[in-house]
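Trainee: Could you take me through this model and show me where its labels come from?

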Protein chains: 6
Amino acid sequence: MPLSARNRIEGTVKAGEKGDVASTVKIEVTKPVTITAMIIKAAAEELSLKEGDKVEAVIKATEVLVSKD
Amino acid sequence: MPLSARNRIEGTVKAGEKGDVASTVKIEVTKPVTITAMIIKAAAEELSLKEGDKVEAVIKATEVLVSKD
Amino acid sequence: MPLSARNRIEGTVKAGEKGDVASTVKIEVTKPVTITAMIIKAAAEELSLKEGDKVEAVIKATEVLVSKD
Amino acid sequence: MPLSARNRIEGTVKAGEKGDVASTVKIEVTKPVTITAMIIKAAAEELSLKEGDKVEAVIKATEVLVSKD
Amino acid sequence: MPLSARNRIEGTVKAGEKGDVASTVKIEVTKPVTITAMIIKAAAEELSLKEGDKVEAVIKATEVLVSKD
Amino acid sequence: MPLSARNRIEGTVKAGEKGDVASTVKIEVTKPVTITAMIIKAAAEELSLKEGDKVEAVIKATEVLVSKD
């Protein structure tokens, strides 16, 4: 199903924890992936991001959806 | 620097696009990673998520921060 | 009160669940509404979105605020 | 495709606007829907949310994904 | 208007930038404020957060709504 | 560590609450800060935001990360 989200990362459920209202799920990703970020232009300039830079993609767990076929 | 975000994924900037206010950055990740998601418990139950399940982590590009040392 | 959020959808609380830190609320919406999404341009092109297309607006429950007069 | 997102709202693309990096899409929803929100418990208590309350679901456009079959 | 969002921070518009689809707004806040974060319990434990700790609240600009009376 | 997030607000942990999966943290901010928001251009125009306007930055607690040195 085509979806506007730029990041759809395949993996395997490794662990999970159930709370009363929320749960956490850990997904193991072994294949290489590309992560797309949209950031404020001023941030890209301040970090002077350019091809080849070593960076980290930082993502809060509350922002991750899970899809299962 | 310790950070509460559960997902800090190391990679290399591969490409980018500059807009007037926002920019996009593509980050190539080659090492295996684990992605943590926090979802509503009812969602975890509806998907009947369990260890070993093949799933996708779906993340909108606007939710990804970039960190550079 | 004017608010920058593009989507303010009127409804009626139907059910709720209280956790220790977080709660869920279900809101029944019976009037027709228009939902505005901001997505990466490349996503709009990939989905070739055009007037008249049948689509789904997908929203994680953690992203919804509740306002009450 | 089962997806953890609690809100999948069917509609029809009505209008759109293309920017250099980001686009907006307006989706007309005519069927009744139920919107699920996850909020801090203290917020639910402060608003004293209860069945039958008239409320608004407030959602920023950047938080909305679009899916098309 | 009561709103579930825990953080409503009063300030004065200082500057802004208009793009084709998105805009940025800078808001100067001079009064002391309290910022509430909801994070995964494991993150709070890993950072061993306790009263009196010096910390930073990190917030992506795309997550900030603006309200004006 | 340079980070793309536009808002990094220094403060002191004042209180916290631990749930089964999620926790809340209250951070006291006493220094003046500037908050940057990215909003849809149509929203900025509708609110007719201009320098000197008294506004509120509205941020859901789930969107706040915590960083500790």
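What follows is a chat about strands, sheets, buried residues and a contact between chains.

Mentor: First the ground rules: this is a predicted model, where local features need pLDDT of at least 70, side-chain atom pairs count only at pLDDT 80 or more, and totals for chains, interfaces and linings use all residues. Residues are numbered from 1 along each chain as its sequence is written, chains are lettered from A and ligands numbered from 1 in the order in which they are written, and side-chain values use heavy atoms, with hydrogens and water left out.

Trainee: Why is S4(D) called buried?

Mentor: Buried means under 20% relative accessible area, exposed over 50%, and partly exposed in between (1.4 Å probe, protein chains only). S4(D) has 4% relative accessibility, so it counts as buried.

Trainee: Where is S4(D), and what does it touch?

Mentor: S4(D) lies in the segment before β1 (7-18) of chain D. Leaving aside residues up to four places away in sequence, S4(D) touches L65(A), V66(A), I39(B), A43(B) and L47(B). Contact here means heavy atoms within 4.5 Å.

Trainee: What makes strand β4 of chain F mostly covered?

Mentor: Five of the six residues in β4(F), residues 54-59, are buried. The strand label itself comes from DSSP runs: strands (E) need at least two residues, helices (H or I) at least four, and both are numbered from the N terminus.

Trainee: How do you know that β1 of chain E pairs with β4(F)?

Mentor: Two strands pair if DSSP finds at least two bridges between them. Six bridges join β1(E), residues 7-18, to β4(F), and the two run antiparallel. One of the partnerships is I9(E) with A57(F).

Trainee: Which strand of chain E pairs with β4(F) over three bridges?

Mentor: That's β5(E), residues 65-67, also in the antiparallel sense. There, V66(E) stands opposite A57(F).

Trainee: What holds strands together in general?

Mentor: Strands of a sheet pair through backbone hydrogen bonds, either parallel or antiparallel.

Trainee: What makes β3 of chain C and β5 of chain D edge strands?

Mentor: Look at the open sheet of five strands ordered β3(C)-β2(D)-β1(D)-β4(C)-β5(D), with antiparallel pairing. Its edge strands, β3(C) (33-40) and β5(D) (65-67), each pair on one side only. The twist averages 45 degrees from one strand to the next; axes are lines fitted to C-alpha atoms, for helices over the stretch in contact, and angles run from 0 to 180 degrees between N-to-C directions. Within this sheet, β4(C), residues 54-59, and β5(D) pair over three bridges, with V58(C) partnering L65(D).

Trainee: How many bridges link β3(A) to β2 of chain B?

Mentor: Eight, in the antiparallel sense, and M38(A) stands opposite T24(B) there. These strands begin the open sheet β3(A)-β2(B)-β1(B)-β4(A)-β5(B).

Trainee: How many salt bridges are there between chain E and chain C?

Mentor: Zero. A salt bridge would need a side-chain nitrogen of Lys or Arg within 4 Å of a carboxyl oxygen of Asp or Glu.

Trainee: What is there between chain E and chain C, then?

Mentor: 14 residues of chain E are in contact with 14 residues of chain C. The two chains bury about 1200 Å² between them, 67% of it on carbon and sulfur atoms; buried area is the accessible area (1.4 Å probe) that two parts lose on being put together, summed over both. In chain E, M1(E), L3(E) and L65(E) lose the most area to chain C, together 39% of what that side buries.
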